[in-house]
Amino acid sequence: MEKQSIAVSPTSGRSEARNSVFDHVVRAPEDPILGVTVAYNKDPSPVKLNLGVGAYRTEEGKPLVLNVVRKAEQTLVNDSSRVKEYLPIVGLADFNKLSAKLILGADSPAIQENRVATVQSLSGTGSLRVGAEFLARHYHERTIYIPQPTWGNHPKVFGLGGLSVKTYRYYDPATRGLNFQGLLEDLGSAPSGSVVLLHACAHNPTGVDPTPEQWEQIRQLIRSKALLPFFDSAYQGFASGSLDTDALSVRMFVADGGECFVAQSYAKNMGLYGERVGALSIVCSSADVASRVESQLKLVIRPMYSNPPIHGASIVATILKDRTLFQEWTIELKAMADRIISMRHQLFEALRSRGTPGDWSHIIKQIGMFTFTGLNSEQVAFMTKEYHIYMTSDGRISMAGLSSKTVPHLADAIHAAATQVA
Ligand code: KET
């Protein structure tokens, strides 16, 4: 047997690290969103509060598995005919059909005309990534415009997927609203054919969405310049509590007969975060194009992860195809959305009663999972250090992580940050 090559220093007697072929590897920073949870987990304080990642919590501060999800899982487990074979590269056929129907609407002409190519992917992120790589291989224009600001992973997903990433103006910090003029100007001067990423609803991190009239203007501009819309739909049902209302933007673009991409996630609206279940739909101009597009999507997916996992998609399909379960889901979804809205009102009132300086009405005006507070990174660091409140450094808080019990603590922290830290 060969001698172990751990060198023992003759002077100290301690073993020295041997040379590694990875000696040059520098430590990477934690992810700006998921790293917040890593820091939170290390904090021993009993009052600590994680408002970083967008993950729903109950009034008791616990993760929630929806009742319909438990029921669907029970059905699946009891069905002994179910096996663990590989799914096709594109995933579960039922799941794909039902997902397209969910986002585009049951009566969508695009579905009736068979011109939607849908593949099951690894949640929202995986759907975006597969879409990016397909575009990089098969689309004539490699630039994607993403809103400023946007979900922090977008530039990385699209950049590594092979696209070149540019931004368009979206948010105006002065009004804490949409910079609609800036948006129109930037998209108006984008090269014809460019891809445009749009948050279908509940824009992350700002909680600011265009009105239906503004969406219509955006649609006209995008179509007139032959830009290619790519929707990220991670919060359908979470913004308004209605699945149909939250899909309006996407449906406007499909109704005009033009082509578009949609990445769907079931992480938030079905609470299936760790199951990694989502879909990419590409709405094409004809059934023939859609089937060729699907054949090429398979060539993107096969070497990336071969085929998607079966369990999460089976849960979703079981719920979507059963009228009773679907109905129950919409009720549970509405309850989650309503609890978040109630947290907005409670936090707003708590700041008002403390006389916290500033206008905090954006807390109740913004929609979806997050409030973009306007707190700066020093104020955020202060709140983490002094109050054990964890949030992303851009001042975003996940309203879904709050409860009636923790609102006063957060309000105290914001009040202190607003009065003590510039
Ligand atoms: N798009 C948006 C806009 C988004 O906020 C997320 C997740 C995703 C896609 C991807 O979700 P997936 O779990 O892949 O379906 N956002 C939250 C979690 C995260 O950062 O991963 C967040 O912003 O906290």
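## A tour of the ligand site and three backbone oddities

Select the ligand and the residues around it. There are 17 of them, and the closest are S123, T125, N204, D232 and S265. Keep in mind as you go that this is a predicted model.

**Stop 1: the polar contacts.** Start with G124. Look at its backbone, where an N or O atom lies 2.7 Å from an oxygen atom of the ligand. Next, select S265, one of the closest residues. Here the side chain makes the approach: one of its N or O atoms is 2.6 Å from a ligand oxygen. Then go to R276. An N or O atom in the R276 side chain is 2.8 Å from an oxygen atom of the ligand. Now show the surface. How much of the ligand does the protein bury? Alone, the ligand exposes 520 Å², and the protein buries 92% of that.

**Stop 2: the pocket and its shell.** Zoom out a little. The ligand sits in the largest pocket. Colour the shell by residue class. You should find seven nonpolar, six polar and four charged residues. Which helix gives the most to this shell? Select residues 123-138: this is helix α5, and it contributes three residues, the most of any element. S123, at the start of that range, is among the residues closest to the ligand.

**Stop 3: the two domains.** Colour domain 1 (30-65 + 337-420) and domain 2 (86-321) separately. Each of the two supplies at least three residues to the shell around the ligand.

**Stop 4: two cis peptide bonds.** Most peptide bonds are trans. Two exceptions are worth a click. Select N204 and P205. The bond joining them is cis, with omega about 15°. N204 is also among the residues closest to the ligand. P205 lies in the loop between β7 (195-199) and α8 (212-224). Move on to Q148 and P149. A cis peptide bond joins this pair too, with omega about 0°. Where is P149? Look in the loop that runs between β3 (143-148) and α6 (154-160).

**Stop 5: an unusual phi.** Most residues other than glycine have a negative phi. Select N114 for an exception. N114 is not a glycine, yet its phi is positive, about 65°. To find N114, follow the chain from α4 (109-112) towards β2 (116-122); the residue is in the loop between them.

Notes. Residues numbered from 1 in each chain as written. Predicted model: local features only at pLDDT ≥ 70, side-chain atom pairs only at ≥ 80, totals over all residues. Heavy atoms only, no water. Near = heavy atom within 4 Å. Polar contact = N/O pair within 3.5 Å; in protein donor to acceptor, adjacent residues only side chain to side chain. Areas by Shrake-Rupley, 256 points an atom, 1.4 Å probe, with all protein chains shown as cover. 1 Å grid on protein atoms, 1.4 Å probe; cavity = no way out; pocket = protein on both sides within 12 Å on 5 of 7 lines; lining within 4 Å. Sits in = over half its atoms within 2 Å of the grid points. Helix = DSSP H or I, 4+ residues; strand = E, 2+ residues; numbered from the N terminus. Nonpolar A, V, L, I, M, F, W, Y, C, P; charged D, E, K, R; others polar. Domains from an automatic or database assignment.
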